[in-house]
Amino acid sequence: MAHVILRHRDVPDIHTINVYKKNGGFAAFKNAVTKMTPAQVTDVVKNSGLRGRGGAGFPTGMKWSFIDNKNWPHYVVANADESEPGTFKDREIMESNPFQFLEGLAIASYAVGANAAYIYLRGEFWQLAAFLDEKIAEMEKEGVLGDKLFDGEYSLRMYTHLGAGAYICGEETALLESLEGKRGQPRVRPPFPPSYGLYGKPTIINNVETFANVPPIIENGADWYKSLGTADTAGVKVFSLSGRVRKPGNYELPFGATFRELIYTHGGGVQDSRSVKAIMPAGASSSLILVDDEKILDTPMDYVSVRTIGSDLGSASVIVIDDTVSMDWLVNKTIHFFKHESCGKCTTCREGTYWMSNISERIHHGKGSTGDVDLLLNVAKQMQGKCLCALGEFSTMAVVTGIERFPQDFKKAVSKA
Amino acid sequence: MSLVKKYPKEVKQILSKYPPEHKRSAVMPLLYLAQREEGYLTKAAMQDVASIVDMTETEVAAIVGFYTLYHDQKGGKYRMQVCTDLPCALRGADEFMNNLCANLGIKVGETTDDGFLTLEAVTCLAACDKAPMFQTQGPDGIKYHENMTVDRTMELINTLKKSIKEVE
């Protein structure tokens with residue numbers, strides 16, 4: 001099947017505006033602005049079943065319909081902060097198929113009545129931001145961005161904005177704070193961004209991949225999109241495959257493809273022909289899937305099915321862990337990450353990740369006791385449900401499932417003491 | 001010299017991205033511009049940025065302290081930031097880092113004696129399929145270097161050194 005999102009793999013040079021146009025580029029945006037009302041655009045997206053690709057999987061059209069039409073101006077923000085360990089899909093989309101993403105952003109802006117859209121990129125995407133600036137300038141020249149588009153009343157401008165190294169800015173309200181020139185610390189919600197977002201104005205924030213799905217949906221219709229994927233989870237997904245596989249990389253597959261297909265058919269299998277011990281399907285934020293039975297690998301990758309095996313699909317950043325890896329090492333790595341990235345605003349996460357790190361360091365370096373493993377599990381569980389945002393919650397996932405599902409690894413680690 | 005005097009075009013362009021009543025949004029891009037000068041942010045540079053966006057010096061310092069790509073201490077001409085996070089570590093990043101340290105004769109966090117390179121370990125850079133990898137942060141901005149070996153890294157350092165000498 002031809003790619004829907006990673007179209008550059010089928011169409012060479014689609015990152016140039018002429019090739020993009022020749023392949024139907026901007027037709028969906030023009031159609032939307034000249035022939036559809038904003039509400040009609042939102043309805044098509046709603047009916048398509050498209051869900052947010054940043055990790056939470058919230059229905060996109062529904063989010064757009066929450067925009068507060070009594071308060072103006074409106075903004076749309078693209079979350080290009082891609083920082084979840086194991087995730088590298090948005091980068092490929094923006095580098096290789098940038099116009100499809102930008103067109104999706106433009107359609108979303110029209111659908112919610114925004115005349116300004118911001119693309120918030122992680123600071124490390126410095127070169128990529130300059131590249132997107134060029135693409136935006138080309139779109140202005142082409143007349144698909146700017147004032148009074150397509151001889152109508154609608155105007156739209158786009159701007160890139162660089163973060164400066166903070167995972168937390170992928171959390172949408174922290175991102176808004178950062179875009180306002182403040183430290184990236186999450187806001188207390190509600191109110192949610194569709195009523196109180198950038199500069200206190202109604203704002204829609206979606207992930208890069210979510211936007212890239214929009215032009216083909218407008219062009220081919222909601223029913224076409226629903227025909228891809230599973231009944232619960234419509235469409236296609238870019239899976240970022242990493243860890244101990246022979247061919248790591250991004251693979252676009254319909255939702256419902258199995259872990260086995262991703263890891264063995266596309267990823268070439270496990271390095272050194274070892275066996276899969278565990279899978280993290282949503283990057284470092286995942287609950288660890290214990291692969292003690294080959295059948296686990298036949299689980300379809302969609303939101304509902306992954307839940308039945310005790311994890312979540314999230315951003316579909318699939319990290320493969322083989323039987324050479326000990327979980328005390330892995331958990332120490334993920335805790336270190338979250339401790340480093342905790343923004344410090346809420347006590348639970350700031351202190352919790354600090355103490356988890358202390359205990360886990362002890363265990364991993366052979367200085368821990370059996371009591372330390374219980375203590376680590378206890379701290380992680382105490383944190384759950386008490387954090388201001390998802391970062392704190394996520395920091396406990398690998399800890400709890402690592403200890404509970406791979407107890408022998410921790411037993412071994414503390415027996416060295 | 002102040003940023004407005006030295007980079008009038010850039011400052012104007014940055015400010016034009018945001019509503020005039022929200023010019024505080026420009027603080028981060030302006031800090032990048034200011035950091036270009038010395039590779040880190042001096043107190044004077046922070047004061048200068050603060051005056052452009054109507055923030056206090058303390059507020060600007062809080063931004064600098066929060067985000068890892070801003071530096072308030074002098075480092076090497078280049079900062080080499082190696083990702084040692086989980087996905088990269090599963091593909092040999094820790095070993096790469098250890099070997100690199102041995103080759104450079106410094107530890108993580110240290111700067112080479114000639115002041116050219118500071119070696120840092122960082123969290124995920126969204127290049128997990130191309131480990132070992134690192135980014136360089138220097139006078140020419142931030143650049144990714146992927147699927148690296150220690151040999152190729154040492155070559156890169158030599159190339160960078162030469163290019164700096166030519167400029168100077």
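**Exercise 1.** Check whether the end-to-end length of helix 16 of chain A (residues 390-405) agrees with 1.5 Å a residue.

*Solution.* Start with the definition: helices are DSSP runs of H or I with at least four residues, strands are E runs of at least two, and both are numbered from the N terminus. The expected span is 1.5 Å times one less than the number of residues. For the 16 residues of helix 16 that gives 22 Å, and the end C-alpha atoms are 22 Å apart, so the two agree.

A word on the model: it is predicted, local features need pLDDT of at least 70, side-chain atom pairs count only at pLDDT 80 or more, and totals for chains, interfaces and linings use all residues. Residues are numbered from 1 along each chain as its sequence is written, while chains are lettered from A and ligands numbered from 1 in the order in which they are written.

**Exercise 2.** Find what the buried residues of helix 16 of chain A pack against.

*Solution.* First, apply the cut-offs: buried means 20 or more other C-beta atoms within 10 Å, exposed 12 or fewer, partly exposed in between, with C-beta atoms placed from the backbone. Buried residues here include Phe394(A), Met397(A), Thr401(A) and Ile403(A). Next, look for their partners, counting a contact when C-beta atoms, placed from the backbone, lie within 7 Å. They are strand 7 (276-284), helix 13 (327-341), helix 14 (347-364), helix 15 (370-383) and helix 17 (407-415) of chain A.

**Exercise 3.** Place Leu377(A) relative to Thr401(A).

*Solution.* Leu377(A) sits in helix 15 of chain A. Leu377(A) is buried because 20 other C-beta atoms lie within 10 Å. Now compare distances: Leu377(A) and Thr401(A) are 24 residues apart in sequence and 9.3 Å apart in space, C-alpha to C-alpha. Finally, leaving out residues up to four places away in sequence, Leu377(A) touches Val400(A) and Ile403(A).

Methods. Two residues are in contact if their C-beta atoms, placed from the backbone, lie within 7 Å.
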